[in-house]
Amino acid sequence: MVENSSRNAVVTGASSGIGAATVRALRAHGWNVVAVARRADRLLALAAETGAIACPADISKDDDVARLRSNVTDAFAQFGGVDTVINIAGGARGVDPVGSASVQDWEWMYQVNVLGTLKVIQAFLPELRAHGRGTVLNLTSTAGLVAYEGGAGYNAAKFGQHALNNALRLEEAEHNVRVIEVAPGLVHTEEFMLNRLGGDKEAAAKTYQGVAEPLLPEDVADVVRYAVELPQHINLDQIVVRPVAQAAAHKLIRNP
Ligand code: 8X3
């Protein structure tokens, strides 16, 4: 732990991918971190590796979020309180067109991407305001900027999260809470496409096939770390980060 630092972060979605990489990146730079995810086993391993504090919680459940809030308050009390909330938890389910998409999948995506982010923000806003120099960073996606075929449910959720960011930035400026959005394109994570495609490993691998250098979770984590380490009066409103091979959502260079 770093005493009297004003580098006290909560990171959700920390059990794998960009969330876990963000915990590693922040810890490597001396941040105090509470790492949050549903899967306790993975979280505890990450905590043992990095020195982060593990708080297993499902951010879509009110009781879990209340417990998270009280754990974070206790953990950071002697270090000046939480000043940075990083919402990485989220995900996609399905690639079906609107006409045949599963309503359940859409509901799940709205729950985790929009309402989960909302609940975590609501839990910590009073402390961020009280701190006087707060940061909220929400991980969205380029899927929140441009819709694509088969993407509508995920697009709708990420567009929604993007709207939340924009409204929140306007509302919180007077409390000196900055609101940063990081919107990645193609990132080769262990689980994102696997979850989206119902565990179909072959189909998931095809997403990245022939792409010379898709982004890795560590690449996005570096961008997140950079954004939250900038002096607090600098607000990177929105950072769009893609691999060079993906010039746009519809233009991805694949080698044969
Ligand atoms: C992931 C980016 O292209 O699968 O958030 O929508 S994409």
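**Notebook: Glu127, His131 and the ligand**

I started with Glu127 and, skipping its neighbours within four places in sequence, found it in contact with Thr73, Gly81 and Val82. A reminder to myself: this is a predicted model.

Next I looked up where Glu127 sits, and it belongs to helix α4, which covers residues 103-131. I then checked its surroundings for charge. Glu127 is buried and has no salt bridge. The nearest side chain of opposite charge is that of Arg69, 5.1 Å away. A salt bridge needs the two charged groups within 4 Å, so I did not count this pair.

I moved on to His131, which is also placed in helix α4. Is His131 buried, partly exposed or exposed? I noted it as partly exposed, because its relative accessibility is 25%. Again leaving out neighbours within four places in sequence, I listed its contacts as Ser6, Gly80, Gly81, Val82 and Asp83. Gly81 and Val82 appear in my lists for both Glu127 and His131. I also saw the His131 side chain reach the backbone nitrogen of Arg133 at 3.3 Å.

Last, I turned to the ligand. Which residues surround it? I wrote down Ser141, Ala143, Tyr148, Tyr154, Gly185, Phe192 and Arg196. I looked up three distances from polar side-chain atoms to an oxygen atom of the ligand: 2.6 Å for Ser141, 2.8 Å for Tyr154 and 3.4 Å for Arg196. I closed with the cover: on its own the ligand has 250 Å² of accessible area, and the protein covers 82% of that.

Terms used: Residues numbered from 1 in each chain as written. Predicted model: local features only at pLDDT ≥ 70, side-chain atom pairs only at ≥ 80, totals over all residues. Heavy atoms only, no water. Helix = DSSP H or I, 4+ residues; strand = E, 2+ residues; numbered from the N terminus. Buried < 20%, exposed > 50% of the residue type's maximum accessible area, 1.4 Å probe, protein only. Lys, Arg positive; Asp, Glu negative; His and termini not counted. Contact = heavy atoms within 4.5 Å. Polar contact = N/O pair within 3.5 Å; in protein donor to acceptor, adjacent residues only side chain to side chain. Near = heavy atom within 4 Å. Areas by Shrake-Rupley, 256 points an atom, 1.4 Å probe, with all protein chains shown as cover.
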